[in-house]
Protein chains: 2
Amino acid sequence: MINIEKPEETQRTAIQQRTRKAIMDKSARLFRDQGYGSTSLRDIAAATGMKAGSLYYHFSSKEELAEEVLSLGLFHVAERVKEAVEALPETATPVDKIRAAMVGHLTALLEKGDYTSANIRCYNHVPAPIKKRLKADRESYDAFWEGLIQSSVESGLIRPDVDQISLRYALIGMLNWTLEWPATKHGSPEELDSKFFDMVFGNTLAS
Amino acid sequence: MINIEKPEETQRTAIQQRTRKAIMDKSARLFRDQGYGSTSLRDIAAATGMKAGSLYYHFSSKEELAEEVLSLGLFHVAERVKEAVEALPETATPVDKIRAAMVGHLTALLEKGDYTSANIRCYNHVPAPIKKRLKADRESYDAFWEGLIQSSVESGLIRPDVDQISLRYALIGMLNWTLEWPATKHGSPEELDSKFFDMVFGNTLAS
DNA sequence: CCTACCGATCGGTAGG
DNA sequence: CCTACCGATCGGTAGG
């Protein structure tokens with residue numbers, strides 16, 4: 001459905017995996033808060049409780065670490081969205097799927113905030129080779145939304161005169177911008193989604 | 001109306017001002033593309049056609065330069081929005097003002113893309129003292145939208161059950177996310193606004 | 001996973 | 001506005 005691969009897990013011991021995850025958790029938060037260029041490997045090492053050189057036991061470069069962290073951010077979003085859509089009954093319309101996808105997207109942003117924020121905030125500032133691969137993931141995720149919206153139009157649920165590209169970017173934009181909200185104002189993904197959904201689809205749906 | 005001060009212009013010769021602007025133009029683009037931390041003063045100097053040390057003839061630090069560039073980004077948005085709203089006839093409703101503000105916001109994003117993108121993309125990654133001042137500007141701009149939306153609700157043009165905070169962030173989010181669009185898909189600010197406006201306010205307006 | 005270190009580059013300054 | 005330079009810090013490596 002959404003074609004975003006999870007970075008392959010090569011054979012590692014449980015301890016190695018736990019340390020790796022700790023490094024990535026700290027990296028995600030630091031990249032999110034300070035940006036890619038302003039976060040040094042020494043920052044990350046200190047936050048994880050080790051020395052800078054030791055990071056190279058787990059990652060071969062800053063770029064590899066960043067790519068894995070940022071790509072995991074989008075992966076989590078895609079995974080939640082997939083779950084939410086697949087949980088729908090067979091009778092679900094394409095618009096039902098859009099709504100479920102919105103909830104899934106918001107759920108991932110709230111649950112895995114450090115990773116998803118790091119992706120959204122650092123995507124543009126990461127070295128070109130990483131950005132290229134992250135871009136492919138984004139396009140795959142975009143294509144999924146494109147399909148949902150197109151199906152909605154084809155089945156007569158969304159007015160045919162609606163600009164599908166604008167609708168897609170508007171939805172993704174308002175969803176992603178929730179990361180810039182004061183954290184206290186969110187409410188649950190379902191509450192937030194119901195507000196967004198009513199806002200947009202009250203008029204966009206054919207009557 | 002919107003209380004965002006333009007950085008004061010101390011007395012400078014015409015040539016100094018032109019060089020300053022050249023430095024800021026290049027900085028805006030580099031900050032936007034590479035991020036604050038990954039953009040060195042040597043990058044900026046090279047792009048402007050001078051040596052790194054010479055920048056200190058115009059700016060006393062990287063932080064000062066960044067603050068001026070980023071704050072100008074939001075200033076331009078506020079200025080365009082102000083113009084657009086003030087150009088309305090006296091009979092204009094609060095919702096008319098929202099629509100005009102949307103056009104103004106989009107116009108600024110398209111016209112001054114380097115500055116506005118640099119603000120949006122680097123805001124979170126800039127040193128704390130700068131961020132604090134930029135945050136005050138954002139809050140002032142936010143308050144302006146809050147007022148427009150509240151007036152719209154009070155005059156019965158927007159349904160009273162609409163969550164005003166969600167509406168405000170949703171609007172700003174979809175507007176700002178246009179910076180992430182492939183550039184070719186924009187169309188004019190007016191075209192884009194008409195799509196966004198219809199999308200949101202078809203249902204949000206009281207019937 | 002640490003110590004100790006490499007060359008490169010950083011923001012910034014002195015002196016002209 | 002440039003040359004020449006400062007101490008600090010960067011990503012990364014060797015050897016254990």
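Helix α7 of chain B has 14 residues, which at 1.5 Å a residue should span 20 Å, and its end C-alpha atoms are indeed 20 Å apart. The model you are looking at is predicted, so please read each distance here as a value computed from that model. Staying with α7(B), twelve of its 14 residues are buried, so the helix is mostly covered. The buried stretch takes in B:Ser166, B:Leu167, B:Arg168, B:Tyr169, B:Ala170 and B:Leu171, and it goes on through B:Ile172, B:Gly173, B:Met174, B:Leu175, B:Asn176 and B:Trp177.

In the same chain, helix α6 covers residues 128–154 and has 27 residues. From its first C-alpha to its last, α6(B) reaches 38 Å, close to the 39 Å expected at 1.5 Å a residue. Just after α6(B) comes B:Gly156, with a positive phi of about 80°.

Let us turn to chain A. Its secondary structure consists of eight helices and zero strands, and from the N terminus on the order is simply α-α-α-α-α-α-α-α. The C-alpha trace of chain A spans about 60 × 35 × 30 Å along its principal axes. Of the 207 residues in chain A, 51% are buried. A good one to pick out is A:Ser27, which is found in helix α1 (residues 14–34) of chain A. Is A:Ser27 buried or exposed? With a relative accessible area of 0%, A:Ser27 falls under the 20% cut-off and is therefore buried. A:Ser27 and A:Thr48 are 21 residues apart in sequence, and their C-alpha atoms are 8.8 Å apart in space.

Now for the space inside. Rolling a probe the size of a water molecule over the atoms shows where empty space is left. How many cavities of 30 Å³ or more does a search of the whole structure find? It finds four. The largest cavity holds about 230 Å³ of space. Among the 16 residues that line the largest cavity, A:Ile120, A:Trp177, A:Glu180, B:Ile120 and B:Trp177 are the closest to its centre. Both chains contribute helices to this lining: α5 (113–122) and α7 (164–177) of chain A, together with α5 (113–122) and α7 (164–177) of chain B, each give two or more residues. Here we meet α7(B) again, and B:Trp177, one of the residues closest to the centre of the largest cavity, is also one of the buried residues of that helix. By class, the lining has seven nonpolar, four polar and five charged residues.

The second largest cavity contains about 50 Å³ of space. On the chain A side, its lining includes A:Gln34, A:Gly35, A:Tyr36, A:Gly37, A:Ser38 and A:His125. Chain B supplies B:Gln34, B:Gly35, B:Tyr36, B:Gly37, B:Ser38 and B:His125. The lining of the second largest cavity divides into two nonpolar, ten polar and no charged residues.

Finally, follow the protein out to the DNA, starting with strand D. There are 15 residues around DNA strand D, and A:Arg42, A:Tyr56, A:Lys62, B:Ser54 and B:His58 come nearest. Of the strand D atoms within 4 Å of the protein, 56% belong to sugar or phosphate and the rest to bases. Several polar contacts can be traced to phosphate oxygens of this strand. An N or O atom in the side chain of B:Ser54 is 2.5 Å from one, and a polar side-chain atom of B:His58 lies 2.9 Å from one. B:Lys51 uses a backbone N or O atom, placed 2.9 Å from a phosphate oxygen of strand D. The surface near strand D has four nonpolar, seven polar and four charged residues.

Which residues are the closest to DNA strand C? Of the 15 that surround it, they are A:Ser54, A:His58, B:Arg42, B:Tyr56 and B:Lys62. For strand C, 57% of the atoms within 4 Å of the protein belong to sugar or phosphate, and the rest to bases. A backbone N or O atom of A:Lys51 lies 2.9 Å from a phosphate oxygen of strand C. B:Lys62 brings a polar backbone atom to 2.8 Å from a phosphate oxygen of this strand, while for B:Ser40 an N or O atom of the side chain is 3.2 Å from one. Near strand C, the surface has four nonpolar, seven polar and four charged residues.

Methods: Residues numbered from 1 in each chain as written. Chains lettered and ligands numbered in written order. Predicted model: local features only at pLDDT ≥ 70, side-chain atom pairs only at ≥ 80, totals over all residues. Heavy atoms only, no water. Near = heavy atom within 4 Å. Polar contact = N/O pair within 3.5 Å; in protein donor to acceptor, adjacent residues only side chain to side chain. Nonpolar A, V, L, I, M, F, W, Y, C, P; charged D, E, K, R; others polar. 1 Å grid on protein atoms, 1.4 Å probe; cavity = no way out; pocket = protein on both sides within 12 Å on 5 of 7 lines; lining within 4 Å. Points joined across faces, edges and corners; volume = space filled by probe spheres on them. Helix = DSSP H or I, 4+ residues; strand = E, 2+ residues; numbered from the N terminus. Expected span 1.5 Å × (residues − 1). Buried < 20%, exposed > 50% of the residue type's maximum accessible area, 1.4 Å probe, protein only.
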